[in-house]
Amino acid sequence: MSAKEVYESWLSSPVFNEETKNELRSIAGNDAEIEDRFYRNLKFGTGGLRGVIGAGTNRMNVYTVTLATQGLANYIRSLGEEKMAQGVALAYDSRHMSPEFAKAAALTLNANGIKTYIFNSLRPTPELSFAVRRLGCVAGIVITASHNPAEYNGYKVYWEDGAQITPPHDKNILEHVAQVTDYADIKTMSPEEASEKGLYNIIPGDLDEQYYQELMKQMIHRDAIPKAADDIRIVYSPLHGTGNVPVQEVLRRLGFKQVFVVPEQEKPDGDFPTVTSPNPENPAAFRLALELAHKVDADIVLASDPDADRLGAYVKDTNGVFKGTFLADTPEYPYVGLNGNMTGALMEEYVLREQKAAGILPENGVICSTIVSTNLSRVIAEEYGLSYVETLTGFKYIGEQIHIFDEEGGKRKFIYGMEESYGCLVGDYTRDKDACSAVILLCEAAAVYKLQGKTLCDAVNDIFLKYGYYLENLSFLVLKGADGAEKINTMMETLRHKDMDNIAGLKIEAVRDYEFDTRKDLKTGEVTGTGLPKSNVLYYELERGAWLAVRPSGTEPKIKFYCGVNEPTLEGAYARMEDMKAFLSDEKNFE
């Protein structure tokens, strides 16, 4: 059927309620809007759903959420009664419709005979991952659109290992979701009946305490905090999301006394009224936090996204380490913004160095990172004699590696994982990136360095001086709708067949195509495998340790360009990065 025909079927079907139909009637005659809402079913990708909230097959609403949940329920049922009895844990963030979507999903599972365990209020995504394993569930669902603007919501699925779904479960679930084509086939039941039958359960409050205890176990120098507690000043913003309660609670327990939460952004609010987008990758999201930091003379400024898995950081440059450089992007304030790669490398160096000094760094330790993250992570791991595992983009693949290590029976021990998109994890208590843990470890590091007369800015510079200047950048094109999706596909195919020998003046040494599991060495012509699962990613290995990766986003209408350089000086690295940016901004290079 055409988009217009699907639109008309929604208006005439008894399945959809009057509220939905009234919303659809309001766009009658707007062919472009009807086309966008109904030209496809909202794509259930390898992680779940994400889209604009509203009525339509290409929107996040109770119907698309429960249709996906019916597919998930069918898959769980196919695995047998034992898996059904394990149940599914559910959590949600502060976005509009998040509680409603979570409850609707739970009741669909219940109507299929599957137990559910749901939090009684919003919780961070990493706590959902933690809950899946602690409760022994077969799966988990979290309702969140992460860092996207307020009009979005999303639906992510986790498996019993606590990580987001990976093969074979992602493909199997996707197939079962695709088989549910009629909204009339979605099962549901009343909350009262589900509760009476023991199917709908509220997660007990002591699980929060278990989560807090695990966060505190990751500390290395807890004894340093009381010594610096009166002097170290911390500004934190949950950006209207889920991080506020756990972060404040754990920092208080650890003894930090000078913690200032941005008042305008402290309370949950699905409108995210103080920011254009609640994304800690966006410097604009830090405006209020930096204003407060300047007033209280903070040492560190932190912000987590609404579901508290990503963390952004600004650090005070007391000693003028980066004064006058491009890193000092807030000239009105003495703070330096750290991107996800810098924060990730800073934490990795701190954790490994301090664990080694304390004699607790396992010899069989492993560091994990993704193919689009800084190469500095590998260099740091090698410096401390640890194994390094590279995964596809997405922290779920790092979570998958932790599960593999567990299955090996202790042969390898996960220490730390990071990805460029402002996510990292110390320890294996959960299987997703955790902004709450990152806040705590960065604050500990700030306290330790403060006792040494240093700032975190000094610590970043020490890393550059030790390993070289690694700089990375992410740019993207937003291409919405059916035409945009087609253009993204065309760009990827054009690049696959384009004859290039250099990028931004740097010679291409090898090309990896993860779609076809190939790595071609341009010096020798030898073709080998990538060693990773199939994914629509092109990766160019360049001379001087530079690189470029191109991939369509799995959750947004974007094509993303990641790049990195490595030079002996900051000025040289900056100049090289500007050349890379100029190359990426010229559309002729992709024709």
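**Close-up 1. Helix H16 lies across strands S12, S13, S14 and S15.** H16 runs at about 175 degrees to S14. Keep in mind for this view and the others that you're looking at a predicted model. Another helix to look for here is H14, residues 340-357, which lies across S12, S14 and S15. Its angle to S14 is about 160 degrees. The strands themselves make up an open sheet of 4, and if you read across it the order is S13-S12-S14-S15, with mixed pairing. S13 and S15 (423-426) are the edge strands, so each of these has a partner on one side only. Going from one strand to the next, the twist averages 20 degrees.

**Close-up 2. Strand S12 pairs with S13 and also with S14.** Start with S12, residues 365-370, and S13, residues 387-391: they run parallel and are joined by 5 bridges. For one of the pairs, find Thr370, whose bridge partner in S13 is Thr391. How does the chain get from S12 to S13? It crosses through helix H15, residues 376-383, and this β-α-β crossover is right-handed. Now look at S14, residues 413-419, which is joined to S12 by 5 bridges and runs parallel to it. Here Ile367 has Tyr416 of S14 as its bridge partner. If you're wondering what holds strands like these together, strands of a sheet pair through backbone hydrogen bonds, either parallel or antiparallel.

**Close-up 3. A second open sheet is built from 6 strands.** Reading across, you'd meet them in the order S1-S5-S4-S2-S3-S6, and the pairing is mixed. The edges belong to S1 (48-52) and S6 (200-202), each pairing on one side only. The twist from one strand to the next averages 20 degrees. Zoom in on S2 (residues 88-92) and S4 (residues 139-143), which pair in the parallel sense over 5 bridges. Leu90 is a handy landmark, as it stands opposite Ile141 in S4. Two helices are worth finding as well. Helix H4 lies across S1, S2, S4 and S5, and runs at about 5 degrees to S5. Helix H7, residues 125-134, lies across S2, S4 and S5, but its angle of about 165 degrees is to S4.

**Close-up 4. Helix H8 has buried residues on the same side.** H8 covers residues 169-178, and its buried residues are Asp170, Ile173, His176 and Val177. Why do they end up on the same side of H8? They cover an arc of only 130 degrees around the axis, and that puts them there. The spacing is a familiar pattern: an α-helix has 3.6 residues a turn, so residues three or four places apart point the same way. And what covers these buried residues? The cover includes helix H4 (62-78), strand S5 (152-159) and helix H16 (395-407).

**Close-up 5. Val550 is buried, while Lys520 is partly exposed.** Val550 sits in strand S22, residues 547-552. Its relative accessibility is 1%, so it counts as buried. Leaving aside neighbours within four places in sequence, Val550 is in contact with Met492, Leu495, Asn536, Val537, Leu538, Ile559, Lys560 and Phe561. Take Val537 from that list: it is 13 residues from Val550 along the chain, and their C-alpha atoms are separated by 5.8 Å. Now switch to Lys520, in strand S19 (residues 518-521). With a relative accessible area of 41%, Lys520 is partly exposed. Not counting residues up to four places away in sequence, it touches Glu509, Ala510, Val511, Gly525, Glu526 and Val527. Compare that with Tyr350, which is 170 residues from Lys520 in sequence and 36 Å from it in space, C-alpha to C-alpha.

**Close-up 6. The structure holds 0 disulfides.** Quick reminder: a disulfide is a covalent bond between the sulfur atoms of two cysteines. Why doesn't Cys424 form one with Cys436? Cys436 holds the closest cysteine sulfur, but it's 11 Å from the sulfur of Cys424, which is too far for a bond. The cut-off is within 2.5 Å. Cys424 is buried, with a relative accessible area of 8%. Another cysteine to look at is Cys563, which is buried too, at 0%.

Note on methods: Residues are numbered from 1 along each chain as its sequence is written. This is a predicted model: local features need pLDDT of at least 70, side-chain atom pairs count only at pLDDT 80 or more; totals for chains, interfaces and linings use all residues. Side-chain values use heavy atoms; hydrogens and water are left out. Two strands pair if DSSP finds at least two bridges between them. A crossover is right-handed if, with the strands pointing away from the viewer, the path from the first strand over the helix to the second runs clockwise. Buried means under 20% relative accessible area, exposed over 50%, partly exposed in between (1.4 Å probe, protein chains only). The arc is that of the directions from the helix axis to the C-beta atoms. Contact means heavy atoms within 4.5 Å. Axes are lines fitted to C-alpha atoms, for helices over the stretch in contact, and angles run from 0 to 180 degrees between N-to-C directions.
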